[in-house]
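Hello,

Here is the structure I said I would pass on. Please open it first, then read the notes underneath.

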Amino acid sequence: MIDFNRGNATISVKLVVRGLYLMSKHKRIVDLRSDTVTLPTQEMRNAMAEAELGDEAYEDDPSINRLEEISAEMSGKEAGLLVSSGTMGNLVAALAHCSRGDQMIVGHRAHCYIGEMGGASAHGGIIFRLVDNDERGMLDLTQVEALLNPKDEPQPKTGMIEFENTHGSTGGRVLTKEDMLKVSKLAHKHGIPMHVDGARIFNATVALEMPLSDLVQGADTVTFCLSKGLAAPFGSLLCGSYEDINRAKLIKKSLGGGLRQAGVMAAAGIIALNKMVDRLSEDHENAYRLALGLAEIQGIELNPEDVETNQVYFNVKIDNQPQLLNELENNGVRGLILDEGWRFVTHYGIVRDDIDWALPVINKTFQKFR
Ligand SMILES: Cc1ncc(COP(=O)(O)O)c(C=O)c1O
């Protein structure tokens, strides 16, 4: 029996308050901000604990060497190079292909232009030359051709064309092998290399049901990330010819990218490539399910058929959007407002039931603001 004397009552109130605090701390959160919030699987954690290690600077780390071999094989390129991030992979590629004062041709909505701190300019003196991305992220070929065949001389030399797939700021849209070949053929006709920013290229290969080597056949170099939908805690790969990757190794070193015993993280990356690619289709199904539900909510504008992978972009016709986002987060659903509009991303941490739970929460929260 509880004895409600003064001392015990204080203790029970404290326990109730603590319980409520813990309940609020552990309330359901559906985090749709990005697939970068994914946590490593237990299998990855075990592999990390047991990874064979060595000094990467001497090419002595067996786990990194293995990860680079697998990456080269999957991409159909001669060699792979582990770098710390997608940004670093794209920067190293730009510095490997271009000299100071060169221009690189990129879409006006490319991540390397809008989301990577202008690294190619800052570190390599490279000029971004913009061509239009269409609503899928495809580059305008007429504009590319015009830059490759300048009427007015002198013009900066073109060092590289960059192609992004999936295309982030158009909503994770998938560009096909034919799209990519159109650009690489044009580039190669003028002796220019094409680099692919494939941060989420496995979302494209899964959507297209095509091996990576096939999709990037026309590319000279490709970067892809392990730490987004593939759920590894770290790392991206840059793949290309021996010549390009040997040059890239020195550039990576000059950027402070020596990784020593990073085999501890490469071990997780190996599992990401071997085990986590095929399941991306589940993220795509969840994103489409989410999009169908969102399209029914008053105040939200989107066409579910535009959702091709794990990203759902939509417009909101309601005032006070930052407050609305904040309220949504208080109610357990996290998303982002970007320049392009609202974004929800599905990933390894999200199951179908999370979508079915989140949709009524979103609807109810939006209702309050209408
Ligand atoms: C298309 C694209 N490229 C490159 C990157 C950069 O990757 P990281 O964040 O690993 O530097 C991102 C990041 O989200 C991206 O979406």
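The notes below cover the domains and one pair of helices.

Please keep in mind that this is a predicted model.

Domains

The domain assignment splits the chain into domain 1, made of 26-39 + 279-369, and domain 2, which covers 42-275. Domain 1 is therefore written as two stretches of sequence, with the range of domain 2 falling between them in the numbering. The C-alpha centres of the two domains are 28 Å apart.

Where they meet, 18 residues of domain 1 are in contact with 15 residues of domain 2. On the domain 1 side, helix H13 (280-295) and strand S10 (311-316) each supply at least two of the touching residues. H13 gives the most, with four residues. Sorted by class, that side of domain 1 has five nonpolar, eight polar and five charged residues.

A helix pair

The other item is helix H7 (residues 141-148) and helix H8 (residues 177-189). Their axes come within 10 Å and cross at roughly 10°. Angles under 35 degrees count as roughly parallel, so H7 is roughly parallel to H8. The crossing of H7 past H8 is right-handed.

Which residues in H7 and H8 meet? From H7 they are Leu141, Val144 and Glu145, and from H8 they are Lys182, Val183 and Leu186. By class, this contact of H7 with H8 has four nonpolar, no polar and two charged residues.

Regards

Terms used:
Residues are numbered from 1 along each chain as its sequence is written. This is a predicted model: local features need pLDDT of at least 70, side-chain atom pairs count only at pLDDT 80 or more; totals for chains, interfaces and linings use all residues. Axes are lines fitted to C-alpha atoms, for helices over the stretch in contact, and angles run from 0 to 180 degrees between N-to-C directions. Angles under 35 degrees count as roughly parallel, over 145 as roughly antiparallel, 65 to 115 as roughly perpendicular and the rest as oblique. A crossing is left-handed if the near helix is turned anticlockwise from the far one by less than a right angle, and right-handed if clockwise. Two residues are in contact if their C-beta atoms, placed from the backbone, lie within 7 Å. Ala, Val, Leu, Ile, Met, Phe, Trp, Tyr, Cys and Pro count as nonpolar, Asp, Glu, Lys and Arg as charged, and the others, Gly among them, as polar.
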